[in-house]
Every structure is written in structure tokens, then in C-alpha cells.
Amino acid sequence: MKENWYIHSKKADFDKIAKKFNIDKVTARVIRNRDIVDINDIENYLNPDVSKLSSPWLFKDMDKAVDILKIKVAGKNKIRIICDYDVDGICSGFILYSALKEIGAIVDVIAPDREKDGYGINKNLIKKASDDGVNTILTCDNGIAAFDEVNYAKTLGMDIVITDHHEVPFDIVNDEVVYKIPLADAVIDHKQKDCDYPFKELCGAMVAYQLMRALYSSMDISEDKIKKYLMYAGIATVADVVDLIGENRAVVSESLRQIKKTTDIGISALINALNLNRESINSGTYGFIIGPTLNASGRISVANKAIKLLAMDSEEKAKEMAAHLKSLNDERKAMCEKGVKEGLKYAKSTDDKVLVVEMYDLHESIAGIVAGRIKEELNKPTLVLTKSKSGLIKGSGRSIETYNLFEKMSEVKYLFEKFGGHSMAAGFSLKEENVSALRIELNRKCGLSEDDLVKKIWIDTMLPFGYISLPLARQIKSLDPFGKGNPTPLFAEARVKITNIFIMGKNSNVVKAIMVNDQNVKMEGILFGDDAMRFLKFLRENFGESVIKDITAGSGNGILINITYNLDINIFNDEEKLQIRIKNYNIPNLKVPM
């Protein structure tokens with residue numbers, strides 16, 4: 001994959017910012033590079049505070065939804081929550097279920113079966129709810145596209161409250177956008193154009209949390225009773241890959257604070273099953289360990305298992321369920337590795353700018369993960385197609401910054417049976433005879449240039465080894481949570497000489513490189529897993545096997561490369577040691593924008 005390196009050149013009075021907030025000038029530059037310039041915004045970035053969350057009453061239909069739920073709870077009517085089967089849906093469902101149970105509601109929660117039911121609310125689930133004597137359905141992380149389903153529920157005399165965060169479906173009528181909103185009793189989704197909620201990047205779990213916050217407020221219940229659910233909303237926020245800015249940043253920060261001391265039985269059992277050090281849990285832990293483990297239940301089993309774990313009050317049962325979810329995730333990872341390898345084989349054989357990869361033997365639950373991995377490898381929008389038991393083709397798409405996947409799919413909506421999502425990710429189903437047309441039309445209408453497909457690596461600043469220190473690394477670390485919208489600060493050093501390489505780990509999948517720069521300052525760089533293997537491959541291809549063998553043996557003259565890196569702190573036996581994580585690299589005579 002082609003990549004170009006760029007250094008941010010955004011201007012500000014970094015000395016003034018550093019002095020005012022008692023931070024390093026490098027930290028001040030990092031903050032400016034994230035387009036945070038207002039003094040109050042800088043303060044909020046450095047000190048995220050959930051007490052500054054917007055009022056839930058700013059959501060369109062919030063008053064209607066709260067009134068409905070209060071009547072249902074008081075009347076002991078059965079309420080059924082229908083959530084999605086991913087982490088956001090699992091956490092959304094758990095928040096609504098637990099918060100409603102606490103105020104005496106008769107409530108249960110259902111996560112659709114991925115293969116049998118598909119995404120979101122459907123007529124079979126509605127009919128089953130009606131047959132079970134449920135007269136109120138509350139959705140979370142789904143429902144904004146369920147126009148026909150809501151109409152069907154209303155024919156059965158049911159009340160429907162939708163909470164969602166996905167884009168509102170629309171039609172193009174006479175060259176104008178006409179939004180199509182389900183005719184539910186209340187629709188809470190900040191993506192509606194006439195919704196006054198100011199922050200538009202919340203995940204589904206935060207929309208659910210805000211509904212419960214409004215409900216508790218209307219019943220004069222202290223907000224402290226609801227605040228504990230921010231821990232789960234934070235996990236969902238990271239796992240759903242929404243921008244970690246504004247309110248999301250405050251929520252994840254609070255979530256990380258809570259999880260380090262939580263006594264909740266279910267999540268504690270999961271932390272133990274995954275052998276996590278609570279004090280070391282960060283946004284990366286949410287995104288790459290806890291989130292995928294919760295997700296595994298909805299991918300290759302049923303998502304209700306994860307919800308049950310979070311709601312458990314038996315330590316022994318929670319321990320068993322947590323171990324089961326871990327084993328499911330291990331199985332999922334093995335399936336993914338095989339799927340990515342097969343998918344890349346096809347993806348690298350075509351010149352298509354939008355990849356439509358048919359993988360009909362792939363378990364449909366991991367299509368999104370495989371699509372994401374292919375997208376990361378090739379920097380192309382990727383749709384992975386699988387075949388469902390119903391005979392329909394189902395799939396998931398993952399996109400790049402220069403391609404709004406939801407909008408482009410909307411342009412060919414006539415090819416789909418069903419679809420939904422947002423700019424970077426989508427799920428869909430279609431008939432097999434439409435697959436060829438989908439590939440042709442998405443590529444014909446893509447509007448992507450070759451430059452759009454070149455991955456852009458944005459560097460915060462050139463940072464020589466001699467400048468970095470443990471205090472700076474600690475300060476940069478304090479800017480966590482990192483993720484989409486707030487990337488981990490990336491620095492660069494040119495012409496570093498690798499003098500020694502150590503290959504470590506029980507699977508030989510950890511690489512430590514000893515480097516020196518032009519000023520003869522020494523630094524340790526580290527890579528893990530696939531990153532380590534790609535680094536070794538790069539070195540062998542560019543410098544030769546014999547040279548790499550010499551360096552690994554501690555002999556030879558070393559090799560020169562340019563690197564980008566993250567600051568890192570290695571903690572061993574309670575002792576902190578500065579190191580860097582090598583992220584990108586090229587040879588010094590390679591011409592790149594830098």
C-alpha cells in the first residue's frame with residue numbers, strides 16, 4: 001500500500017499555550033493539531049468532565065419517550081428492549097434493561113440472532129413480542145431505518161420508542177433529499193435534522209444513557225444512581241469507533257476511571273478472564289480486548305450471552321460465562337485470520353477502487369472485521385459479501401476518510417433489500433443477481449482519485465530522541481483516550497541507525513530495535529504481532545537477509561531508516577522505562593512529502 005507522510009503545520013502561540021496550561025510545547029502542538037484552539041476547549045480537552053454533558057432534554061422526542069416509559073412502568077406493562085448484537089447494542093441494551101429494572105419496570109432485553117434475524121428490529125421479533133404480551137418495544141442502536149417494521153407494530157397496537165444514532169434514511173425526490181423517519185411514538189436520534197442535541201457523534205449506548213438520565217431526572221432520582229452506567233457507555237463509545245472528541249472524550253475518560261475500581265460482578269469477571277491489569281486499562285484495551293470479547297458472543301453465538309454476563313449477580317456463573325466469551329473470541333480470531341488471508345488474495349488481484357469481495361464460505365458474523373482488515377491493508381473502501389441461510393447475500397462494508405460509504409450506498413439503494421450505517425461502516429443485504437451490478441455501480445460512481453487511495457500519515461511534529469523524556473511521555477499519555485478523532489500522537493525522527501535487533505516473545509512476534517540518531521542519542525523501539533512481522537519483512541526486502549542476521553547478532557554497521565513513532569512507557573517490576581513504538585518506516589532516500 002502506498003503511503004505519504006505529512007507533518008502538521010498548524011500555527012499557534014505554543015509558548016503561550018504551554019505556559020498557561022503548564023504543559024510542554026510538544027503537548028501544546030499536539031492539541032492544536034486536533035483543531036482545539038479555543039481556551040475553554042483546551043481546558044475541556046485537558047480536563048474532560050461528564051458534568052458538562054448536554055441536557056438529555058435537548059433530544060427531539062425526549063419528553064414523549066420519558067412520558068411513555070413512566071406510564072408503562074407505573075402500569076406494570078411489559079417492556080421489551082430490542083438491541084443490536086454488537087458491543088454498542090449489547091451495552092445499550094444492558095444500560096436500558098438495568099436502569100429500568102432498578103425503578104421497578106417489567107422489562108426484558110432481546111438481541112437479534114445475527115443469522116436468523118439479521119440486524120435490528122424485524123417483524124418476527126415484533127410478532128413474538130406481541131405474542132408474549134409485550135405492548136411496548138424500546139429499541140437501542142437500531143430502529144431509525146425500520147419504517148415498515150414500525151408500521152407493522154402499530155397495527156398490533158404496540159407503542160414503539162426508538163433510540164438510535166445511525167444516519168436517517170432518505171430518498172432523492174426531484175433532486176432534493178427527503179428524510180424517511182419511522183412513525184414511532186418517539187424517535188430519539190440526534191442525526192435527525194430537527195434535533196437540537198448539539199453533539200452529533202454519540203454512540204447508541206450514550207443515546208440510551210441519556211434517555212435513562214432524563215427518565216431518572218423526571219422521577220426526582222439522583223443522577224448519581226445512573227452515573228455508573230457511563231462505564232458501559234464508554235466501552236461502547238470506543239468499540240463503535242465514533243470520534244473521541246467533545247462529550248465522547250468526557251464519557252470515555254469517566255468510564256476508564258470507573259472501571260479501575262468497579263465491583264460490578266460481570267465486567268470484573270471478564271477483566272479477570274482476560275488477565276487484565278486494571279490500572280493499565282485504556283482506550284486501546286476497550287477497542288482491542290474487552291470490546292471484541294463482548295462482540296464475539298454476537299458474532300459466532302448469541303449476543304444475549306454478553307448481556308447476561310454484564311447483568312449477572314453470581315460470581316461463579318459470571319466466571320463461567322466470561323471464560324466462555326473468551327473462548328468464543330479466540331475462535332473468532334482464528335476465523336478472522338483465515339478470512340483476511342483469503343480476502344486479500346482476491347483484493348490484490350483487482351484494480352477496483354471500491355472492493356466488493358465475495359466470500360460465501362465466510363461466517364457472516366466476521367464480514368465486518370475482515371472488511372476492516374482489508375481496508376486497512378489496501379486503503380480502499382471494502383465490502384465483504386457472505387451468503388445467509390435465507391439465500392440472500394449479506395455483507396458489511398468499511399470505508400476510508402475520502403469515501404462516505406452510507407451516501408454512496410444510498411445512490412444505489414435500489415440494489416439492496418436492506419442497508420444502514422454511516423460514513424465509515426455499513427451493513428446490508430441484497431439478492432445474488434445484484435452483486436455484479438453493485439460492484440460495477442459503486443466503482444462507476446465512486447469519484448475516487450488515485451491520490452484518495454494513498455494512505456496519508458499525519459505526523460504531529462519531528463521529535464528528536466534527545467528531546468523526549470519520561471515526563472513528556474507521561475504528559476502525552478494523559479491525553480488518552482485516543483482513537484478516532486483523537487489519534488495517538490505520532491512523531492518522527494529521520495535517519496536513525498538500527499544497531500541491534502532482538503526478536504522476542506514465545507511466538508517470536510515481538511521485535512525490539514536499538515537505535516541511535518545523528519546526535520548519537522540511543523533509543524529502544526518496539527513492535528508487536530503482525531506489526532513486528534511486517535517490520536522484519538521490510539528490513540529483509542530492503543537490506544538483505546545477511547545484513548539483518550548480522551544486526552540481530554549484534555554485529556555489522558547498522559542500517560539507516562526514517563521512522564514515525566508513538567511515545568511509550570514500559571513498566572516492569574513497578575519501574576518505568578521510556579521506549580517508543582515504531583509505527584511507520586521507510587528508507588532515507590525514498591522521496592515522501594515530509
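This passage describes the cysteines, one helix pair and one loop glycine of a predicted model.

The cysteines were considered with respect to covalent cross-linking, and the predicted structure was found to hold zero disulfides. For cysteine 203, the closest cysteine sulfur is that of cysteine 91, and because the two sulfur atoms lie 8.1 Å apart, they are too far from each other for a bond, a disulfide being a pair of cysteine sulfur atoms within 2.5 Å. Cysteine 203 counts as buried, its relative accessibility being 0%, and cysteine 446 is likewise buried, with a relative accessible area of 8%.

The packing of two helices was then examined. Helix 8, which comprises residues 204–218, and helix 10, which comprises residues 230–239, have axes that come within 8 Å and cross at roughly 155 degrees; the two helices are therefore roughly antiparallel to each other. On the side of helix 8, the contact is made by Ala205, Met206 and Tyr209, which meet Leu230, Ala233, Ala236 and Thr237 of helix 10. Classified by residue type, this contact between helix 8 and helix 10 contains six nonpolar residues and one polar residue, with no charged residues.

Glycine 133 was located in the loop that runs between helix 6 (123–131) and strand 4 (136–140), where its relative accessible area of 45% places glycine 133 in the partly exposed class. Between glycine 133 and asparagine 33, the separation in sequence is 100 residues, and the corresponding separation in space, taken from C-alpha to C-alpha, is 55 Å.

How values were computed:
Residues numbered from 1 in each chain as written. Predicted model: local features only at pLDDT ≥ 70, side-chain atom pairs only at ≥ 80, totals over all residues. Heavy atoms only, no water. Buried < 20%, exposed > 50% of the residue type's maximum accessible area, 1.4 Å probe, protein only. Axes fitted to C-alpha atoms, helices over the stretch in contact; angles between N-to-C directions. Helix = DSSP H or I, 4+ residues; strand = E, 2+ residues; numbered from the N terminus. Parallel < 35°, antiparallel > 145°, perpendicular 65-115°, else oblique. Contact = heavy atoms within 4.5 Å. Nonpolar A, V, L, I, M, F, W, Y, C, P; charged D, E, K, R; others polar.
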